[in-house]
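Welcome! Please work through these short exercises with the model open beside you, and try each task before you read its solution.

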Amino acid sequence: MSTWESLVMGFSVAAAPSNLLWAFAGVSLGTAVGVLPGIGPALTVALLLPVTLTLAPTSAFIMFAGIYYGAMYGGSTTSILLNTPGESASIATALEGNLMARRGRGAAALSTAALGSFVAGTIATVALTLSAPALVRVALHFGPAEYFALAVLAFTSVSAVLGRSLPKGLFSLFIGLGLGLVGIDPLTGKARFALGVSQLLDGIDVVILVMGLFAVGETFYLAWCSTPGGEDVVRPKGGGGFMGLSREDWSRSWPAWLRGTAIGFPLGVLPAGGAEVPTFLSYMIEKRLAKKPEEFGQGAIEGVAGPEAANNAAAAGVLVPLLTLGLPTSATAAVLLAAFQQYGLRPGPLLFESQPELVWSLIASLYVGNVMLLVLNLPLVGIWVRVLLMPKPLLYGGILVLASLGAYSLNGSIVDVMLLYVIGTLGAALRRFDFPVAPAVLGLILGPLAEQQARRALAISQGDWTVFVTRPISAVVLAAALLALLAPRWFHRRARTD
Amino acid sequence: MLRREGLARVVEVENVSGAAGTIGLARFASAYRGQGDALLVTGLVMLSAIVMNESPVSLAEVTPIARLTGEYEVLVVPAASPFRSLEDLTAALRRDPGAVSFAGGSAGGTDQLLVGLLAREVGVEPAKTNYIAFSGGGDSLAALLGNQVSAGISGLSEYAPHIESGSLRALAISSSDPLPGVGILTFRQQGIDLALANWRGLVAPPGIRGPARDSLVNAIDRLVRTREWQEVLERTGWIDLYLPGDRFGQFLRSEQRRVASVVRDLGSATATGDNEIAEMVFPGIVGVGLLVSGGLLLARRGSEPRAPGNRRALGFVCLGAVADVVLLEPAGFIVASSVLFVCTARGFGSRRWARDTILGLALSTGAYFLFTRALSLSLPAGRLFP
């Protein structure tokens, strides 16, 4: 059967009225749970997995696709409105999105996020449909040396979030790198900096750091430093324009969506990819290419559109290694793999041949889920932004309750709740003294990645450092990283001399 | 299942994650000491984690009940590998141990134990082997399929689809006897005296003796004879490795000795032989970075004066946070979260205690029931209201 025939067959299954209903239920549930601060997509999908188990496999997967996309979009909603990202992939969205919300542009930020997710999700699903097996063959050429190079490239995006002072940005980065060292060194199995606390052996969960630095840190900081009763949030303006975006918003958003998709999908396909690296890279690129770079740091719409598209495209990309090789490359994909196994399915090289109906209806339901998400969420934008009008005492009380709930539910451990507040205090102090917090998160995510991959590469090459430049892909990626650091200066100099 | 077969009336499951189960073990040994109605699932991975992490609690303290299931390890090479047989691989290993890179799961896990045992059997120092630890079966699989490493080790089920499709070549399986229906030669069939199962079993808390222990052993003995249990094994592909009570205890002791000696032999240079970058190089870089950027900051200090900030408001919020941590387990989620809510609201200038308390209670009660009932996630109920 050709790809098209298979896809049409998939659609005929996914578009049955009852299955559309399951898709709708999935998107609603996913969004509803995903908006809770601190509950990211992986946890949402894991929590809702039992709900789908009562259904027939096809309906279950259709609902699942809805939950997956719904949870991701729900996470972006709270990141934008409340600056409380529940996972590392929505931090880049929160950076500019929350600033937009504070200037009364929350509706536009939510709309560009929803539309960007839709555009990226759809394009990425098309790419998944047409080229999954070919993409995987390319991705397998990536070994530890290449991943190290990729981590180096991702580190250059720190330059976009450094803030006004270089030493402060670097200090924040090194704090994150330092926290990333805590726990068992995965290559030797020995504990480092765990201070004898056995709960620290698995390291500091990035979700705790993200919630601590953002949701809790922000709450502590506001209590500490904002004047009581003072209004620093501009009342949300109505969306206006077509689908909540003005003409200018549209013309600034769509190139960012496409660029975000172009970055997100291929990086999502790479085993050991995930969505953090593409979202931050997209943020950096948008900042570099922006016509008004000075708007970054005050709420630039490109800074929401790009990373959000990259996030969704990467999420679809993650499905490529999952379906074709059975490789889960993100936390959410690992949960999806568990779901497959519940139905006795083994994703892998033979899945497309052994279960074509299920695979193609899953792919078709990704399209359906995407449309459903847009249908459900665009009308809700107006309601979501009203969250900002809640009295602050209740809003921030609620945020802390939900953040502590999220932290506790990770491992059922009180140590995580303590860590959340300790990191929250650190986050408040960083804000108070004008340190940017995003570099710390990047450090925690990328530090272990860079270290482990470098050591793996060197172990395989038996200590030969030249692997990083003699392997072609690694060399190209490292050159791109160098370019990302040097090109802006070069452009600036040319602009000045012209 | 225990309940359905009338072997137990109430079954509660508590999941304690972290550090390969050693956190759960420590909690189990202290909180349930002497209680004849609690069981802990343990296995080979926990046994080696105890040695690796120098866990204060070991499996010698608990009461063995039964070994239940397990999975065998399979040694594979990429389809394009020059190694056609186990003999090719062991010959290369003897020639230059560093040149044969093994991909597998986390350091000190079953996969690395097998490498250590194999090296020992073929006369190579385990510490010289080049073991590349990946965070999970998925990552090591990608490295194998991409031909990035010489060989890979994992549980059979993880690699089976790729062995079937021909993208990986299985060289040996770690069972002591050939498995029916699996066309892979064992190590023993190829002249290497090596067998290892990634087993799982049940233990009771320390201090369970006599009838209390016997009744648990008997309950499990009846369980494994049920048809349902056989069906579970069949569905999940687990291999029946049932070994009751005392015989499991003997096995546990000999396995403990074997694991401890291999872990010791794998030694300090665990992962990568002589060529690794020492595990402290990156921490060193980070430390220098912190010092340099901190130094730069100190040099520039003392520019802008700041407003003092609202210490009182921050105090209320911090009080809420401390109360949350202190109250969460003894008083339960609902009480702790309500206190947190009221304190935070006070910190943000609210004076309406009654309204805040009601809203706080409503929010935490709603969240509590949503999570525990609808999403079956455990939150502390508190010891005040049993």
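Accessible area here comes from the Shrake-Rupley method with a 1.4 Å probe. Keep in mind that this is a predicted model.

**Exercise 1. Describe the surface and the interior of chain B.**

Step 1. Start with the outside: chain B exposes about 18,200 Å². Carbon and sulfur atoms supply 55% of that area.

Step 2. Now look inside. Of the 386 residues in chain B, 52% are buried.

Step 3. Add the secondary structure, which comes to 13 helices and eight strands in chain B.

Step 4. Finish with the contacts. Taking those in chain B with a separation of 6 or more, 75% are between residues 24 or more positions apart.

**Exercise 2. Decide whether Thr186(B) is buried or exposed, and find which residues it touches.**

Step 1. Locate Thr186(B) in the loop between β6 (168–173) and β7 (197–204) of chain B.

Step 2. Apply the cut-off: a residue is called buried when its relative accessible area is under 20%. Thr186(B) has a relative accessible area of 0%, so it is buried.

Step 3. List its partners. Leaving aside residues up to four places away in sequence, Thr186(B) touches Ile173(B), Ser175(B), Asp177(B) and Pro178(B).

**Exercise 3. Decide whether Trp4(A) is buried or exposed, and name the patch that it helps to form.**

Step 1. Find Trp4(A) in helix α1 of chain A, which covers residues 3–14.

Step 2. Here the cut-off for exposed is over 50%. The relative accessible area of Trp4(A) is 58%, and therefore Trp4(A) is exposed.

Step 3. Look at its companions: together with Val126(A) and Leu130(A), Trp4(A) forms a nonpolar patch on the surface. The three have about 330 Å² of accessible area together.

**Exercise 4. Build a picture of the interface between chain A and chain B.**

Step 1. Count the residues: 77 of chain A are in contact with 82 of chain B.

Step 2. Turn to area. The two chains, A and B, bury about 7,100 Å² between them, and 70% of this lies on carbon and sulfur atoms.

Step 3. Check the polar side. Between chain A and chain B there are zero salt bridges, while eight residue pairs are in polar contact across the interface, both residues being at pLDDT 80 or more.

Step 4. See which elements take part. Those of chain A that each supply at least two residues to the side touching chain B include α3 (41–52), α8 (166–180), β1 (183–185) and α16 (392–411). The largest share of that side, 13 residues, comes from α16(A).

Definitions and conventions
Residues numbered from 1 in each chain as written. Chains lettered and ligands numbered in written order. Predicted model: local features only at pLDDT ≥ 70, side-chain atom pairs only at ≥ 80, totals over all residues. Heavy atoms only, no water. Patch = residues over 30% accessible without salt bridge, like charges linked within 9 Å, V, L, I, M, F, W, Y side chains within 5 Å. Salt bridge = Lys/Arg side-chain N within 4 Å of Asp/Glu carboxyl O. Helix = DSSP H or I, 4+ residues; strand = E, 2+ residues; numbered from the N terminus. Buried < 20%, exposed > 50% of the residue type's maximum accessible area, 1.4 Å probe, protein only. Contact = heavy atoms within 4.5 Å. Buried area = accessible area lost by both parts, 1.4 Å probe. Polar contact = N/O pair within 3.5 Å; in protein donor to acceptor, adjacent residues only side chain to side chain.
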